[in-house]
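Let's walk through this fold with a handful of questions and answers. Have the sequence and the structure open as you read.

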Amino acid sequence: MRKTGTLMLIAQISDFHLRPPGETAYAGIDTHAMTSGAIAAIAALDPAPDCVLVTGDLADGASPQAYALARDLLSRLPMPVFIIPGNHDRRDIMRDCLADAFLYLRQTNGFLHYAIEDFPVRLIGLDTVIPGGVGGEICPEREAWLAARLAEGDGRPTLIFMPPPPFATGIGGMDATMCRTAASFRQLVEDHPEIERVVAGHHHRPIFRRWAGTIGFIVPGVAHQLALDLRPGAHLRYIHEPPALALHAWSPDTGMVSHILPIGDYGPSREF
C-alpha cells in the first residue's frame, strides 16, 4: 500500500509490436505473450503505480486485430494507462480502435498528443508519427502545441513521453531513425527546467543521457531487445535479453528517480 500521499509512481513500458492473433514477429517472437507478461508484472507491483505510460509501437502492422489485443491487455491494469503511437502504428487506425477506451486520444483533432493534469507531475504525450516513415518528427505545428502546453504549466513538474527519442545515442542504425526536430525544440526544453524527464522507447535498450538541461531516458522493449553494438556502420540485430519496465518515482524531496526492473522470474529476493 502507498505509505505517503507525496510519492508518485509512473510505470513505463514500450514496443509491444503486437500482431493479429496467432502471428509471431521477428522470426518467432510471441509478442502477445511477452506483452501479457509485462502487464502482469505491472499489476503485481507493490506499491502500485499511479499510472502507466506506453511509449509507442503497440501494433507491429497497425491492424485492427492487433489493436484489439492491445486494448484487451491494457484493460487488465487497474490504474490509468496513457498510450502514444510509435512509428509502427497508424494514428487513424489507432484512434478508430482505441479512442473510445482512451478518451484523451480525442484531445486534438489531428495528432494523438495530449496533456494529463491529474497528478503531481504533469504528463505530456507527443505524437511524432511520420505517415509512411520509419522514425519520428516534431514539426512546427507539434512544437507550437508543446510550447503552449508548457506555458500553461506554471512551472509544475513535467514529464514528456514520446516514441523515438529526440537525441542521439551512439547506436548509428537507430540514431538514423531518431525523432527529427528543429534546434528550437531543444531550446524549448532547455527553457523549461521543470521538465524532469524526456522519456522514449523505440531503441529497445535501457539508455540514459543528459540532454537539453534534463535527463533523456529510453526504456527497453517488453519483447525483443536491440543488441548493443557501438561500432560505426554496424547492422542492427535483435537479441533475447530480458525485457524490462521502468519505474519513475517522484516526490517533492527527491524530484524524479528512475529505475529499471527486469520482467521475469529470477527467483525470490533474500534478506542480507
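Q: Is strand 11 (residues 214-218) largely enclosed by the rest of the structure or exposed, and how many of its residues are buried?
A: This is a predicted model, so the answer comes from computed accessibility. Buried here means under 20% relative accessible area. Strand 11 counts as largely enclosed by the rest of the structure, because the buried residues number 4 of the 5.

Q: Which residue of strand 11 stands opposite R197?
A: Strand 9 (residues 195-200) runs parallel to strand 11, and 4 bridges hold the pairing. Within strand 11, the residue facing R197 is I215.

Q: What is the bridge partner of F208 in strand 11?
A: Strand 10 (residues 207-211) pairs with strand 11 in the antiparallel sense, over 5 bridges. Look across from F208 and the partner in strand 11 is F217.

Q: Which residue in the hairpin of strand 10 and strand 11 takes a positive phi?
A: The hairpin leaves 2 residues between the strands. The positive phi, near 55°, belongs to A212.

Q: Which strands stand at the edges of the sheet with the order 4-5-7-9-11-10?
A: That open sheet has 6 strands with mixed pairing, and its twist averages 20° from one strand to the next. An edge strand has a single partner, so one side of it is left without a neighbour in the sheet. The two that fit are strand 4 (114-116) and strand 10.

Q: At about what angle does helix 6 run to strand 10?
A: Two helices come up against this sheet. Helix 4 lies across strand 4, strand 5 (122-125), strand 7 and strand 9, with its direction at about 175° to strand 5. Helix 6 touches strand 9, strand 10 and strand 11, and its angle with strand 10 is about 85°.

Q: How are helix 4 and helix 6 oriented to each other?
A: The axes of helix 4 (residues 140-151) and helix 6 (residues 183-190) come within 11 Å and cross at roughly 10°. Angles under 35 degrees count as roughly parallel. That is why helix 4 is described, relative to helix 6, as roughly parallel.

Q: How many residues of the contact of helix 4 with helix 6 are nonpolar?
A: Helix 4 brings E143, L146, A147 and L150, while helix 6 brings S184, F185 and L188. Sorting them gives 1 charged, 1 polar and, for the nonpolar group, 5.

Q: What is the relative accessible area of P165?
A: P165 sits in the loop between strand 7 (158-161) and helix 5 (172-175). Setting aside residues up to four places away in sequence, P165 touches M178, C179, A200, G201, H202, H203 and I218. P165 is buried, and its relative accessible area is 0%.

Q: How far apart in space are P165 and G135?
A: In sequence, 30 residues separate P165 from G135. In space, C-alpha to C-alpha, the separation is 9.5 Å.

Q: Which strands are the edge strands of the sheet with the order 3-2-1-14-15?
A: This one is an open sheet of 5 strands with mixed pairing. Its neighbouring strands are turned by 20° against each other on average, direction ignored. The edge strands, each pairing on one side only, are strand 3 (81-84) and strand 15 (255-262).

Q: Which residue in strand 14 is the bridge partner of I10?
A: Strand 1 (residues 8-13) and strand 14 (residues 244-251) run antiparallel, joined by 5 bridges. Helix 1 (residues 31-43) packs on the sheet and touches both of these strands as well as strand 2 (51-55), at about 170° to the direction of strand 1. In strand 14, the partner of I10 is H248.

Q: Is the crossing of helix 2 and helix 3 left-handed or right-handed?
A: The axes of helix 2 (residues 64-74) and helix 3 (residues 91-98) come within 10 Å and cross at roughly 50°, so the two are oblique to each other. The contact involves P64, Y67 and R71 of helix 2 with I93, M94, C97 and L98 of helix 3. As for its hand, the crossing is right-handed.

Methods:
Residues numbered from 1 in each chain as written. Predicted model: local features only at pLDDT ≥ 70, side-chain atom pairs only at ≥ 80, totals over all residues. Heavy atoms only, no water. Axes fitted to C-alpha atoms, helices over the stretch in contact; angles between N-to-C directions. Parallel < 35°, antiparallel > 145°, perpendicular 65-115°, else oblique. Contact = heavy atoms within 4.5 Å. Nonpolar A, V, L, I, M, F, W, Y, C, P; charged D, E, K, R; others polar. Left-handed = near helix turned anticlockwise from the far one by under 90°. Pairing = 2+ DSSP bridges. Buried < 20%, exposed > 50% of the residue type's maximum accessible area, 1.4 Å probe, protein only.
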